[in-house]
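Here are my notes from going through the model, written up as numbered points. Have it open beside you as you read.

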Amino acid sequence: MKAYEANFDGLVGPTHNYSGLSFGNVASAKNEAAPSNPKQAAKQGLAKMKALADLGLVQGVLAPQERPDIFTLRRLGFSGSDSEVIAKAAKQAPKVLAACCSASSMWTANAATVSPSADTADGKVHFTPANLTNKFHRSIEHETTGRILQATFADSRYFTHHPALPSVEHFGDEGAANHTRFCHEYGELGVEFFVYGRHAFDASQPAPSLFPARHTYEACEAVARLHQLREDHVVLAQQNPAVIDQGVFHNDVIAVGNRDVLFCHQQAFLAQEQVYQSLREKMGQGFKIIEVPTDSVSIDDAVSSYLFNSQLLNLPSGETVLILPDECRQNEAVWQYVQSMLAQKVGIDSVKVFDLKQSMANGGGPACLRLRVVLNEQERAAVNPATLMNDELFERLNTWVDFHYRDELREVDLADPQLLIESRTALDELTQILQLGSVYPFQQV
């Protein structure tokens with residue numbers, strides 16, 4: 001049966017701001033306290049979604065989380081009315097309030113790990129929301145993420161939803177940002193590639209020393225078991241600890257893959273040649289590796305431009321296209337490499353560049369903004385149709401953003417109780433547009 005790789009992008013939430021919450025993410029730290037533009041951020045994301053849908057790709061939308069997260073603030077001891085909770089948090093623990101206002105769910109590469117039915121023993125698409133234990137502001141996402149995924153992929157005949165792994169550092173799970181699926185055809189049995197930063201139960205193994213390794217070996221094994229994957233079609237690899245310490249906090253900052261192509265940096269993995277050998281053995285003939293040399297693109301240039309935090313897509317025409325942020329075009333060394341690569345015809349046919357500056361300033365490029373879901377025709381028909389991008393949804397969501405979103409947001413504005421009202425009003429309407437039902441805590445009280 002024919003299958004497709006769908007991309008479900010996170011819709012940027014109304015509280016998109018730069019609070020510098022993500023230690024190890026260089027862009028996030030660099031732009032801390034700068035003013036953000038939530039309206040522009042949402043529109044930039046929507047423009048990318050629409051452009052990919054217009055190319056003939058299956059493109060979906062995942063709703064943002066409710067923020068400020070009043071329920072988490074109450075769990076932390078702030079009491080009173082909602083406005084009193086916000087006021088107390090702003091006075092006593094402003095960084096906690098900022099964390100509970102983060103719009104980080106926009107980066108749905110971290111939402112979950114997804115295995116298609118062609119790979120799983122029960123023939124269903126499996127979803128496991130990422131626990132994201134390494135960052136408090138992200139660790140509070142997975143329950144709502146699970147509800148949104150279940151409302152989007154609701155038919156239990158085709159979709160299996162698991163709870164997140166235990167929320168402890170030993171099973172730190174960063175989702176699809178550290179997971180890639182390779183195949184020759186989307187509907188065929190593929191090879192699932194899990195990348196981890198450290199071993200949680202073996203301190204003798206290599207690990208970064210400056211920045212945290214967010215994803216563990218043990219989490220990779222657990223998700224592979226939950227998804228009923230064949231051991232001979234799974235490859236586990238460790239990120240190079242040295243590049244984590246240079247700001248490569250997820251594998252998708254240093255490598256991206258699709259179908260039978262791996263596009264990665266020369267320093268992406270520990271024991272890189274062994275990783276290549278394992279992938280080649282399991283993928284067989286026709287597997288292509290495009291390795292970018294350090295002397296062409298330094299780690300610093302890779303991190304600042306997000307060359308690898310790109311989307312590698314296979315168009316209906318068969319053409320392979322790389323979706324890049326505009327920062328790649330602005331970086332002389334990176335852009336020179338891209339042009340040289342295209343001229344050599346090594347497996348990527350073309351590039352398309354998008355302005356995603358609002359997301360990039362917080363450390364998230366094109367790949368961060370999307371969750372990949374391989375679906376056959378029956379499964380695609382079972383997806384909530386209201387979440388799939390088309391002309392009508394694009395116009396409706398742009399109008400929704402124009403009405404509900406602010407043009408500027410600073411960290412001090414997070415203490416404004418009106419922001420919560422604006423956010424809840426917007427999300428309540430969004431659940432109707434996307435036909436999600438009651439997925440937010442405030443809708444269930």
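1. A cut-off to start with: a residue is called buried when its relative accessible area is under 20%, and exposed when that value is over 50%, with partly exposed in between. Y405 has a relative accessibility of 4%, so this residue counts as buried. Bear in mind throughout that we are looking at a predicted model.

2. Staying with Y405, its place is the loop between α16 and α17. What does Y405 touch once residues up to four places away in sequence are set aside? The list runs V12, G13, P14, P38, K39, A42 and W400. One of these pairs spans a long stretch of chain: Y405 and G13 are 392 residues apart in sequence, yet their C-alpha atoms are 8.5 Å apart in space. There is a polar pairing too, with a polar atom of the Y405 side chain sitting 2.5 Å from the backbone oxygen of V12.

3. S36 deserves a look next. You'll find S36 in the loop that links α1 (26-30) to α2 (38-54). Is S36 buried or exposed? Its relative accessibility is 2%, under the 20% cut-off, so S36 is buried. The S36 side chain reaches the backbone oxygen of H16 at 2.5 Å. Neighbours within four places in sequence aside, S36 is in contact with H16, N17 and Y18, with Q358, and with D407, E408 and L409.

4. On to helix α16, residues 391-404, where N398 is located. With 11% relative accessibility, N398 falls under the 20% limit and therefore counts as buried. Which residues does N398 touch, leaving out those up to four places away in sequence? They are K43 and L46. With K43 there is a side-chain to side-chain polar contact at 2.9 Å.

5. Now the helix packing. Two packed helices are described by the angle between their axes and the distance between the axes. For α16 and α17, the axes come within 11 Å and cross at roughly 170 degrees. Angles over 145 degrees count as roughly antiparallel, so that is the label for α16 against α17. On the α16 side the contact is made by L393, R396, L397, W400 and H404, and on the α17 side by T425, A426, L427, E429, L430 and I433. Sorted by class, this contact has seven nonpolar residues, two polar and two charged. W400 also turns up among the residues that Y405 touches.

6. Helix α17 (residues 417-433) has a second packing worth checking, with helix α4 (residues 82-92): the angle is about 130 degrees and the axes are 9 Å apart. Why is this pair called oblique? An angle of about 130 degrees falls outside the ranges for roughly parallel, roughly perpendicular and roughly antiparallel, so α4 is oblique to α17. The crossing of α4 past α17 is right-handed. D82, S83 and I86 of α4 make the contact with P417, L420 and R424 of α17. Those residues divide into three nonpolar, one polar and two charged.

7. How many of the eleven residues of helix α7 (residues 142-152) are buried? Eight are, so the helix is largely enclosed by the rest of the structure. The buried ones in α7 are H142, T144, T145, G146, I148, L149, A151 and T152.

8. Last, some backbone geometry to inspect. The peptide bond from R67 to P68 is cis, its omega being near 0 degrees. P68 is in the loop between β2 (59-62) and α3 (70-75).

9. There are also positive phi values in residues that are not glycine. A271 has a phi of about 50 degrees; its place is the loop between β10 (261-265) and α10 (272-283). A relative accessible area of 39% makes A271 partly exposed. K345 has phi near 55 degrees and is in the loop between α13 (332-344) and β14 (350-354). At 71%, the relative accessible area of K345 is over the 50% cut-off, so K345 is exposed.

Key:
Residues are numbered from 1 along each chain as its sequence is written. This is a predicted model: local features need pLDDT of at least 70, side-chain atom pairs count only at pLDDT 80 or more; totals for chains, interfaces and linings use all residues. Side-chain values use heavy atoms; hydrogens and water are left out. Helices (H or I, at least four residues) and strands (E, at least two) are DSSP runs, numbered from the N terminus. Buried means under 20% relative accessible area, exposed over 50%, partly exposed in between (1.4 Å probe, protein chains only). A polar contact is a pair of N or O atoms within 3.5 Å; within protein, one must be able to donate a hydrogen and the other to accept it, and residues adjacent in sequence count only if both atoms are side-chain atoms. Contact means heavy atoms within 4.5 Å. Axes are lines fitted to C-alpha atoms, for helices over the stretch in contact, and angles run from 0 to 180 degrees between N-to-C directions. Angles under 35 degrees count as roughly parallel, over 145 as roughly antiparallel, 65 to 115 as roughly perpendicular and the rest as oblique. A crossing is left-handed if the near helix is turned anticlockwise from the far one by less than a right angle, and right-handed if clockwise. Ala, Val, Leu, Ile, Met, Phe, Trp, Tyr, Cys and Pro count as nonpolar, Asp, Glu, Lys and Arg as charged, and the others, Gly among them, as polar.
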